[in-house]
Amino acid sequence: MEGSFARLMISGTNSGCGKTTVFCAILQALKNRGQDVAAFKCGPDYIDPMFHARVVGAPSANLDSFLSGEWLPALFADSAREINLAEGAMGYYDGMGQEAKHSAYDVASRLQMPAVLVVDGKGSSLSVLAVLQGFLRFKEKSGIRGFILNRVTQKTYEGLKALWKEKDAKLYGYFPALPEEYGLKSRHLGLVTAGEVENLREMTQYFARQAEQTLDIDGLISLAHSAPALSAAQPPLPKLEKMRFAVARDEAFCFYYEDNLRLLQKLGGEIVTFSPLRDAQVPQADCLYLGGGYPELYADALEKNVSMRESIRAAVKSGVPVFAECGGFMYLNALLDGREMCGVLGGECVNRGRLVRFGYTELELRRDCLLGPAGSRLRAHEFHYYDCTDNGSDALAYRGGESRPCMAATESLAAGFPHIHFYGNLACAEYFYRKCLELRRKRNETHGN
């Protein structure tokens, strides 16, 4: 397919420059104007998309050139609306290792998306212009069409704007330093989740009012509409027999790639959600999908919900397949910080007090299992401070020329710390779906259905 897809990348010079605040401000301002807007997050992050979803009232999607590979334009087109904003990760050129590959710049280049960078001007004056010029000229085709100055006064901004002579990139306004009560708080994985910010709606409206006063919103809209037509070939996917996936979704389990869920639906799947924190048992389903999140913050409540843990064990015992990632993997194990969990796996998960693993990885299955035949490779991402006494050995994780065993995988189970993106290997996604169908048929035959 091919479409105009008005689109704009809002990135920054570095992490902590304020791009999420500015991004949410622009999103809310566009929403207030009645624009049909979609949000995207570059990279593998789960938390910022939850903020986007709260602002735009629709799910936000990831744009990750490593995880989705050749299907990046297709995934963008799947979620695109009248106007589309993407938030960069880290600094604009920060990718894998010391390269720009898989950075916000890489995504913007692949999607021919004009970029505007947020620059933290606190503690600087004329030097800010040197930073802007450096980013603009670092790559011959940088894609940078403008900048927004953050944490500067009107006087400073107007003075710098008068000195800015570059014709290829303009200044689209500034954001003053915000009151402390309107700061977006962080945790070790990034921002705290949207559900934990009680006054999020008030905050985003405050941001939007500020954006209307000091940002050139009309100019940003015009820039987004200047993006060229984009070709986005869709992957060939079969339509398979209908099947139900029970997805754990609450405060403890909320980290999912929405593209994975949409892919299951495209193949014929129905998504139903349940809460391991509050529900008494899992819903009737053909597969349990336990995503990541912060189960450690809710370990007491998860332990107290005995009936849910018993329900999961019973489902596994009956042959219902389970796909569990990171927090879901921790929940399946016997213990989490000394609290009893499901006991489907026998390990104990503990906080190591440091970042155990962080970054992209490629998995190779060592045996035929729920996710594919032995030798299959899948793309994934890890970010966790917790480790387990038994991380599994049914797959190898490759990163930086080294490999290590990971994941517990059988015909009906795939569980480990890595977060897998199905578009990195669509053949494995289809295999997974068909395997769940096969296991359902076996259960029905066993029970005489």
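L371 is a good place to start: leaving aside residues up to four places away in sequence, L371 is in contact with F323, L365, M407, A414, I420, C428, Y431 and F432. L371 also belongs to the largest nonpolar core, a set of 74 residues, where L371, Y331, L332, I420 and F432 touch the most other members. Helix α14 (residues 426-446) supplies the largest share of this core, eight residues. Another core lies apart from this one; it has 43 residues, including C17, M50, L67 and I83. Please keep in mind that this is a predicted model.

**The chain as a whole**

The protein chain holds 14 helices and 28 strands. Its C-alpha atoms fill a box of roughly 75 × 45 × 45 Å along the principal axes. How does the radius of gyration sit with what a compact globule would have? For 449 residues, a compact globule would come near 22 Å, and the protein chain has 23 Å, so the two agree. Of the 449 residues, 58% count as buried. The accessible surface comes to about 18500 Å², and carbon and sulfur atoms account for 47% of that. If you look at contacts between residues at least 6 apart in sequence, 76% of them join residues at least 24 apart.

**The open sheet**

Seven strands make up an open sheet with parallel pairing, in the order β4-β3-β5-β2-β6-β7-β8. β4 (61-63) and β8 (170-175) are the edge strands, each pairing on one side only. From one strand to the next, the twist averages 25°. Two helices that pack on this sheet are set out here.

| Helix | Residues | Strands touched | Angle between directions |
|---|---|---|---|
| α1 | 19-32 | β2, β3 (37-42), β5, β6, β7 (144-150) and β8 | about 170° with β5 |
| α6 | 127-138 | β6, β7 and β8 | about 155° with β7 |

**Strand β2 in its setting**

Why is strand β2 (residues 6-12) described as largely enclosed by the rest of the structure? Seven of its seven residues are buried, and so the description follows. In a regular strand, side chains alternate between the two faces of the sheet. In β2 both faces are covered: A6, L8, I10 and G12 are buried on one side, and R7, M9 and S11 are buried on the other.

The neighbours of β2 in the sheet can be followed residue by residue. With β5 (residues 83-87), β2 pairs in the parallel sense over five bridges. L8 has L85 as its bridge partner in β5, while I10 stands opposite E87 of that strand. To β6 (residues 115-120), β2 is joined by four bridges, and these two strands also run parallel. In β6, V118 is the residue opposite G12.

**Helix α4 and residue L178**

Helix α4 (residues 72-79) is mostly covered as well, with seven of its eight residues buried. Those buried residues are L72, P73, A74, L75, F76, A77 and S79.

L178 sits in the loop between β8 and β9 (186-187). Its relative accessibility is 25%, which lies between the 20% and 50% cut-offs, and L178 therefore counts as partly exposed. Setting aside residues up to four places away in sequence, L178 touches T21, Y206 and F207. How far apart in space are L178 and Q210, C-alpha to C-alpha? The distance is 9.6 Å, while L178 and Q210 are 32 residues apart in sequence.

Note on methods: Residues numbered from 1 in each chain as written. Predicted model: local features only at pLDDT ≥ 70, side-chain atom pairs only at ≥ 80, totals over all residues. Heavy atoms only, no water. Buried < 20%, exposed > 50% of the residue type's maximum accessible area, 1.4 Å probe, protein only. Pairing = 2+ DSSP bridges. Axes fitted to C-alpha atoms, helices over the stretch in contact; angles between N-to-C directions. Contact = heavy atoms within 4.5 Å. Core = buried A, V, L, I, M, F, W, Y, C linked by side-chain atoms within 4.5 Å. Rg over C-alpha atoms; globule rule 2.2 N^0.38 Å. Areas by Shrake-Rupley, 256 points an atom, 1.4 Å probe, with all protein chains shown as cover.
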